[in-house]
Amino acid sequence: MAKQAKKADKKAAKAMKKGEHGHITPGNAKKVIGVAKVVGPVLAPFAIRAVAAVRDGYDRMRARRLGVPVDQLGSFTGKGAALHARIAGDANALRDLRAQSADGAEAKLAAEQYAERTAARLEQLTSAVRAAERMPAQRRKSAHRAVNAELGRIEGELLTRLGIPTKNAKWP
């Protein structure tokens, strides 16, 4: 061991004397390329699988945070992605409300009118979130807070109409 360490020290001293220590020389480059040609094709598939697994995990985490399926993740991008996902969820709930509306003609008409008004409002909120994407950070955050508050109100009313009472929901 001591003999090998001494030999390595001599080799390092020789390289330092030549000015090659810590520098890339043509000989060193050829050695590295030779090793890469042999090892690269063996390690590349493992590296590609590792990158794909990390990407898949990241996509699943983002989808879970937004509350959407992974295959719909591309539809919700940008700073307002969470708001767009909530709006899409509320639009789906409105469709469910229309399908579940009560048997009475009067109740069905009221549900349909509410759904129409709310769908129009959701369209406005979608436009507001899109417009906020190009705003300066402070204004964008303010717009997102306003949209978030409005979505909270809409969701409360929607839950009440679906038969799940909430504290703050009001019937229009």
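What percentage of the 172 residues in the protein chain is buried? Buried residues make up 23% of them. The points below concern a predicted model.

1. **Fold.** The protein chain holds five helices and zero strands. Along the sequence, the pattern reads α-α-α-α-α. Helices named in this note include H1 (residues 2-18), H2 (residues 26-66), and H4 (residues 105-132) with H5 (residues 137-161).

2. **Overall dimensions.** The radius of gyration of the protein chain is 31 Å, whereas a compact globule of 172 residues would have one near 16 Å. The C-alpha trace spans about 95 × 35 × 30 Å along its principal axes. Keep the buried share in mind here: it is 23% of the 172 residues.

3. **Positive patch.** Which residues gather in a patch of positive charge on the surface? They are Lys3, Lys7, Lys11 and Lys31. Helix H1 gives the most to this patch, with three residues. Lys7 lies in helix H1. Its relative accessible area is 65%. Exposed means over 50%, so Lys7 counts as exposed.

4. **Nonpolar patch.** A second surface patch is nonpolar. Its members are Val35, Val38, Val39, Val42, Leu43 and Phe46. Together they have about 560 Å² of accessible area. Val38 has its place in helix H2. Is Val38 buried or exposed? Val38 is exposed, at a relative accessible area of 60%.

5. **Salt bridges, whole structure.** How many salt bridges does a search of the whole structure find? The search finds eight. The next points take up three of these pairs, beginning with one in helix H2.

6. **Asp59 and Arg55.** These two side chains meet in a salt bridge, at 3.4 Å from N to O. Why are they separated by about one helical turn? Asp59 and Arg55 are four residues apart in helix H2, so about one turn lies between them. Their exposure can be read alongside. Asp59 counts as buried, at 16% relative accessibility. Arg55 counts as partly exposed, at 48%.

7. **Glu150 and Arg121.** The side chains of Glu150 and Arg121 also meet in a salt bridge, at 3.2 Å from N to O. Glu150 lies in helix H5 and Arg121 in helix H4, so the pair ties together parts that are 29 residues apart in sequence. Glu150 counts as buried, with 16% relative accessibility. Arg121 is partly exposed, with a relative accessible area of 31%.

8. **Glu150 and Arg153.** Glu150 forms a salt bridge with Arg153 as well. Here the closest N and O atoms are 2.6 Å apart. Glu150 and Arg153 are three residues apart in helix H5, so about one helical turn separates them. Arg153 is partly exposed, at 39% relative accessible area. Which residues do shared partners join into one network? Arg121, Glu150, Arg153 and Glu157 are joined by salt bridges that share partners.

9. **What to look at in the model.** Start with Lys7 in helix H1, for the positive patch. Then find Val38 in helix H2, for the nonpolar patch. Asp59 and Arg55 can be found in helix H2 too. Finish at Glu150, whose salt bridge with Arg121 links helix H5 with helix H4.

Conventions: Residues numbered from 1 in each chain as written. Predicted model: local features only at pLDDT ≥ 70, side-chain atom pairs only at ≥ 80, totals over all residues. Heavy atoms only, no water. Patch = residues over 30% accessible without salt bridge, like charges linked within 9 Å, V, L, I, M, F, W, Y side chains within 5 Å. Areas by Shrake-Rupley, 256 points an atom, 1.4 Å probe, with all protein chains shown as cover. Salt bridge = Lys/Arg side-chain N within 4 Å of Asp/Glu carboxyl O. Lys, Arg positive; Asp, Glu negative; His and termini not counted. Charge placed at Lys NZ, Arg CZ, Asp CG, Glu CD. Helix = DSSP H or I, 4+ residues; strand = E, 2+ residues; numbered from the N terminus. Buried < 20%, exposed > 50% of the residue type's maximum accessible area, 1.4 Å probe, protein only. Rg over C-alpha atoms; globule rule 2.2 N^0.38 Å.
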